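Visitor: I have a model open and would like to learn how to read it. Where do we begin?

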Number of protein chains: 4
Amino acid sequence: MKEIRVALIGGGGFMGRAHSLGYSVATQLSEVDFRVRKSILVDVDGDAAALAASALGWEASSADWRSVVASPDIDAVDIVTPPGLHKEIALAAIAHGKHVFCEKPITNDVPGALEMWDAAREGGVTNQVGFNYRHIPAITHAKELLSPGKLGAPLQFRGTYLHDALFFISDFGWRGSKATGGSGATGDIGSHLIDIAEYLCGPIVRVSALQVTRDRSHADSGWHKTTDAERGELLDEAATWIAEFENGTIGTFSAGFYSPGKKNALAFEIDATGGAVAFDWNNPDQLIVDLLDDQAAVAGPRTVEVSQGIQEDVWYPVPGLGQGYVDGMAIQLRRFLQAIADDRPATPNFGEAVRIQQVIDAIEQSAFTNAWVTMPDRPKGI
Amino acid sequence: MKEIRVALIGGGGFMGRAHSLGYSVATQLSEVDFRVRKSILVDVDGDAAALAASALGWEASSADWRSVVASPDIDAVDIVTPPGLHKEIALAAIAHGKHVFCEKPITNDVPGALEMWDAAREGGVTNQVGFNYRHIPAITHAKELLSPGKLGAPLQFRGTYLHDALFFISDFGWRGSKATGGSGATGDIGSHLIDIAEYLCGPIVRVSALQVTRDRSHADSGWHKTTDAERGELLDEAATWIAEFENGTIGTFSAGFYSPGKKNALAFEIDATGGAVAFDWNNPDQLIVDLLDDQAAVAGPRTVEVSQGIQEDVWYPVPGLGQGYVDGMAIQLRRFLQAIADDRPATPNFGEAVRIQQVIDAIEQSAFTNAWVTMPDRPKGI
Amino acid sequence: MKEIRVALIGGGGFMGRAHSLGYSVATQLSEVDFRVRKSILVDVDGDAAALAASALGWEASSADWRSVVASPDIDAVDIVTPPGLHKEIALAAIAHGKHVFCEKPITNDVPGALEMWDAAREGGVTNQVGFNYRHIPAITHAKELLSPGKLGAPLQFRGTYLHDALFFISDFGWRGSKATGGSGATGDIGSHLIDIAEYLCGPIVRVSALQVTRDRSHADSGWHKTTDAERGELLDEAATWIAEFENGTIGTFSAGFYSPGKKNALAFEIDATGGAVAFDWNNPDQLIVDLLDDQAAVAGPRTVEVSQGIQEDVWYPVPGLGQGYVDGMAIQLRRFLQAIADDRPATPNFGEAVRIQQVIDAIEQSAFTNAWVTMPDRPKGI
Amino acid sequence: MKEIRVALIGGGGFMGRAHSLGYSVATQLSEVDFRVRKSILVDVDGDAAALAASALGWEASSADWRSVVASPDIDAVDIVTPPGLHKEIALAAIAHGKHVFCEKPITNDVPGALEMWDAAREGGVTNQVGFNYRHIPAITHAKELLSPGKLGAPLQFRGTYLHDALFFISDFGWRGSKATGGSGATGDIGSHLIDIAEYLCGPIVRVSALQVTRDRSHADSGWHKTTDAERGELLDEAATWIAEFENGTIGTFSAGFYSPGKKNALAFEIDATGGAVAFDWNNPDQLIVDLLDDQAAVAGPRTVEVSQGIQEDVWYPVPGLGQGYVDGMAIQLRRFLQAIADDRPATPNFGEAVRIQQVIDAIEQSAFTNAWVTMPDRPKGI
């Protein structure tokens, strides 16, 4: 049985905990034909690294990521540092032939992301980016229901990702500034909507967008269009955009950090030629499914509990036991590990991350120029 | 007690029935200080008019609207004909000094609507247009909760009005063609979203839009951007647009006739400086309200039953008895009659209808030109 | 076209308004082959009667119900007085050969109710009791879905009817005292659950119950089992009971006036051999339907919008327009009028009201004796 | 840092996997001041034990539970075998001074359970039973909101635990027969309702119950009252009961394995003197909370997302990330381990398990005798 030795870089924070849990759960969630070792946890603060390694079940700790990614005792590198460090670490790991999992955004600029994608392709390493929501059973099930499934081809996508937490920008260190990798509402959470929309509806061809920022000088002021000065520094707090897809689907998107009462409220609806499907992360085990060919007397949106008997990813023998954030994290990491075990590419890969950054760039450019922006070509190899 | 004698023009169809019910319920719903007489029902088909008048409680019937709107025995004219006839009838009624209620759209072109508004203002008659959803207790309550209420100033509006009934276009005679007054998804149902959005969030200043049409040659084809040829004839089946409001609010809108499982699904959410409010016509008595200053232990969206003790418009002494479509129709007509009784303007008036048509025009132009369109000045007198 | 001349007795209050609206809406809701005249409204207070008659569209008013029920100009008598007066008025009306609609409870004792049922049967008049919820389209639809429909035979019934309004007992004059016809939570609202349960699941054969009352001396005291003294006077504020039905169905019921946040919250679920159906009055147009033979990938509770295309009772040509309390009132009165027009019995009739009172009595006896109580034979002729 | 070495007995099945995950997650979920070692997994089938140990991260495996519970290298024994074996293993483990976690039901008879409780008390070992739902953050939060919190004292409890899976009885080996520890709908899932009800509302004093079984000879037959013969063998498939609590609360309960569309549908509502609280496992992160003193304009049930900022048990720094079945399992096991680390009793302990078995016995006796059954004294020491 193949053994995969993982190094977690930047493991002292929230994402370090989430990924540590993910690796522990990944291999117990269902039967797998590989073995994973949580070999070493790295953090710039060595004491924090030692503490986290001990608490989260890693065999060793280190403050020196450079030596770790070069070590022959490591097969895969998982990067959960602030985004500003992603590229350097990933390129080094790839140079040493390591498989790489990198949290999103891999970088906040297309050229940097492209550099990582090219390196990963040339290095022939398995690479994956942390768009975790795509992996939860409900989304996988939605994908299967769409073309060529019962729901047919998409016609319209309506997605929202809303929070009521301004502190995501003001408090979360690196998130508040572009310099350290902050990416605003569009990049930070809107990116998940973009990933899901393209995963389920195909490529976007053009976008028209609005991005706004609140006046920070007093608390309850309204939003205004993000100014040039803010764009360089403060980042957008909310954004909304419309899009046209290659297959004719039209899309409507909203992402924002200041929607009262919304708690990680990622939700979407897709109208399609054979029916419709809707998802809301606040009820993550459920899909709402409409079928156009239902008998009138019993026609209506069905609340489908996505569980055993439907999705192999759900290990429970009992439907309705419930999935949480950790389960989704575990499924995404298990897929990464499985791809390594099978010696094949993982998905979504760095190329797909480039693509998402292209869309984010187009949205920003559209908001800035007050014009539709047409998407550039998709990166090669995806 | 003032008596208001009403003539209903075009009363042989669905809207004739709805308004007939509305007048019967309007004065029994709560105490009023006027009396209404359902004096005469007019339909181009005299037999249909006689049948409908008898079934729906009108004192008389006629096939000749011209003589009716000129009659000294009529105080108010209510127009529910296909939109193509609205202007001629309304102008004649105004010329005879009648108060006029006109179903929406009063016309599908701004100049025509403006002509009606100017005539009504010059004629000094009470005039109202049938944007009925604005009148239901939940929306009235939302208005009161917003600035300067607990919810504060709007930041973001997200609205959808979706149906799964393509037949609205293909089957509903006049709706399928511009010539007879059809106005597509944007004009037919999107107009209600525009009315509500401006009612609650203030004036829109610019829009960027997409409008689409399906290929009619086979049933399950996807949508494509409405072509010029279709634009002249088939009208849009679905549309989505983003908007910026004068006060900085950003808006996202979708209107469509082909969303599987959606039944008259008019819904919106407003994020504001003090909280949020959401509405869904499929649960018309309820508002979902979030308050930012809730204690953490019990914070969360509240499902507020909008009923007695909150809204005077709800006549029931028992909360939770439930409002339907007829109740909303009755409230709107009661407000029209009350304005006549009080000899004051009603709202939304023909000028507001002009304004909504301006927004619809801007959306169509934006979809056509692939560019943001800035709104013209609002009509005088609103 | 047959004309039915109605007298409304006790029309000065809430139910007078509700029934007045009901008669106005009943004949406009859909095409009918009879005509109704709101001939006279009676109230013990003659001024109130005159005022109400004028406001609610009745041709005349009176303070003398005795002469009215004897008048040759009246075909049907509708009784909405406090329950203490129901029997006397109904017997007099029947004696004069009038058809009778009587609000529930027709009386609060089985012998009295039986006397009314016997008189009505012997008099050969159409008679109906005001269990209005049975008539709303969603319940009618549930009935059709059950045996021999897709849902099959009932296995379990779980019903609740909960209010947060204690004032129903303390404030509502006659409701607080047995003498004037008050009937506690079991009789006042639980009776609707009993009607619906037997309508959908067949006869109950035995019950075991708890009834409770709060200590009135201070506001936030808890409940205690209703004492003998209270039983004679204060009536139960909340009750819960289990039941066995003739066909093996088991039932669980709760009725109460002191459930915080509940607004006329009548709801039930029925598990059956082929699926399940659930209803909640707070979303009165919807049924939640589960089908056991659904394909796993799309199995789940469906929210069925009960509307045109399914139910003839819904007049709207557009699904999703929404039903309210008035619509349900109108449907029940239309069915009463239609039965008169067709010269046939209506339902639920006085015999069914006797039956419901039998169940209420059994519940009270069970709560009093702390024992299961077996139901007596059903009244003859139902 | 204290180290706790755990042996898992019966680990080759579903619960073995669930507990294995639970231990892995328990110590990473939040900071703890102890260390856990998954020392050995035992299964009667030695090969299965070896396989499971390897897959689920245990250091060793064994087929001989007797030697394991006697080993000086084990601190705590976790028993997840079929219930028929619980007692023997637990008594042996206690005899060797081990702390014991035992899945529910610890046994299906009160004397047996009492024997285990007495042994555990006398042995002075930390003991806990697997009523896992009590531990999830939403239930903990409900407990805090009730007396002496904002919601005040309970008045009414309504609980349901429903499944659509008959196979729980027919397919799940030991569950179908009393001999091997099967306990029917009342014991298997109803027991969770009893645990939660007494945890939140205090002791039950008497019950009146119905239990039913379907005729197995043909598939879609209805239920009938469980016969004596079936009682000895087939066990109840559905049950419903009412109860009176010591503090005057009244309770209504339903548990069943044959409710179409229900997936592990554990739900309850509690009406209290200051408000109400409701929970539904299908949305496990949410509580619905009503407060009687809400301002009318914004009064209504709140959907409270039970997450960081409210509950320390939720490790996520981001509200709304979502809890699943594994999280609840981990929290319960962490509390067991923490109690061991702190050298103090855990809860719910074996005495509480005795108590729940007392209630189950009373329900069965009530269903059998068709009479109210008064609860015996609670076990000593709880």
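**Reading the model, step by step**

Guide: Start with one helix and its neighbours. In this predicted model, the buried residues of H6(B) pack against helix H8 (184-201), strand E13 (275-280) and strand E14 (286-291) of chain B.

Visitor: Which residues of helix H6 of chain B are buried?

Guide: Helix H6 spans residues 137-145 of chain B. Its buried residues are Pro137(B), Ala138(B), Ile139(B), His141(B), Ala142(B) and Leu145(B). A residue counts as buried when 20 or more other C-beta atoms lie within 10 Å of its own.

Visitor: Now the whole chain. How many helices and strands does chain A have?

Guide: Eleven helices and 16 strands. Of the 382 residues in chain A, 63% are buried. Now take the contacts in chain A with a separation of 6 or more: 68% of them link residues 24 or more positions apart.

Visitor: What is the strand order in the open sheet of six strands?

Guide: Read across chain A: E3-E2-E1-E4-E5-E6, with parallel pairing. The edges are strand E3 (60-62) and strand E6 (127-129) of chain A. Each has a single partner strand, so one side of each lacks a neighbour in the sheet. On average, neighbouring strands of this sheet are turned by 20 degrees against each other, direction ignored.

Visitor: How many bridges join strand E1 to strand E4 of chain A?

Guide: Four, between strand E1 (residues 2-9) and strand E4 (residues 76-79) of chain A, which run parallel. For one residue pair, look at Leu8(A): its bridge partner in E4(A) is Asp78(A).

Visitor: What relates two copies of a chain?

Guide: In general, a rotation about an axis and a shift along it. Here, a turn of 180 degrees and a shift of 0.0 Å along the axis lay chain A on chain B, with an RMSD of 0.0 Å. That is the relation of a two-fold axis. The same surface serves both copies: 100% of the contact residues of chain A recur in chain B.

Visitor: Which residue of chain A comes closest to the rotation axis?

Guide: Ala371(A), with its C-alpha at 3.0 Å.

Visitor: And the interface: how many residues does each chain give to the contact?

Guide: Chain A gives 39 residues and chain B gives 40. On the side of chain A, the elements with two or more residues include strand E7 (154-162), strand E8 (204-214) and strand E10 (238-245) of chain A. E10(A) supplies the largest share, five residues. By class, this side of chain A has 16 nonpolar, 18 polar and five charged residues.

How values were computed. Residues are numbered from 1 along each chain as its sequence is written. Chains are lettered from A and ligands numbered from 1 in the order in which they are written. This is a predicted model: local features need pLDDT of at least 70, side-chain atom pairs count only at pLDDT 80 or more; totals for chains, interfaces and linings use all residues. Copies are superposed by least squares on the C-alpha atoms of residues with pLDDT of at least 70 in both. Two residues are in contact if their C-beta atoms, placed from the backbone, lie within 7 Å. Ala, Val, Leu, Ile, Met, Phe, Trp, Tyr, Cys and Pro count as nonpolar, Asp, Glu, Lys and Arg as charged, and the others, Gly among them, as polar. A residue is buried if 20 or more other C-beta atoms lie within 10 Å of its own, exposed if 12 or fewer, and partly exposed in between; C-beta atoms are placed from the backbone. Two strands pair if DSSP finds at least two bridges between them. Axes are lines fitted to C-alpha atoms, for helices over the stretch in contact, and angles run from 0 to 180 degrees between N-to-C directions.
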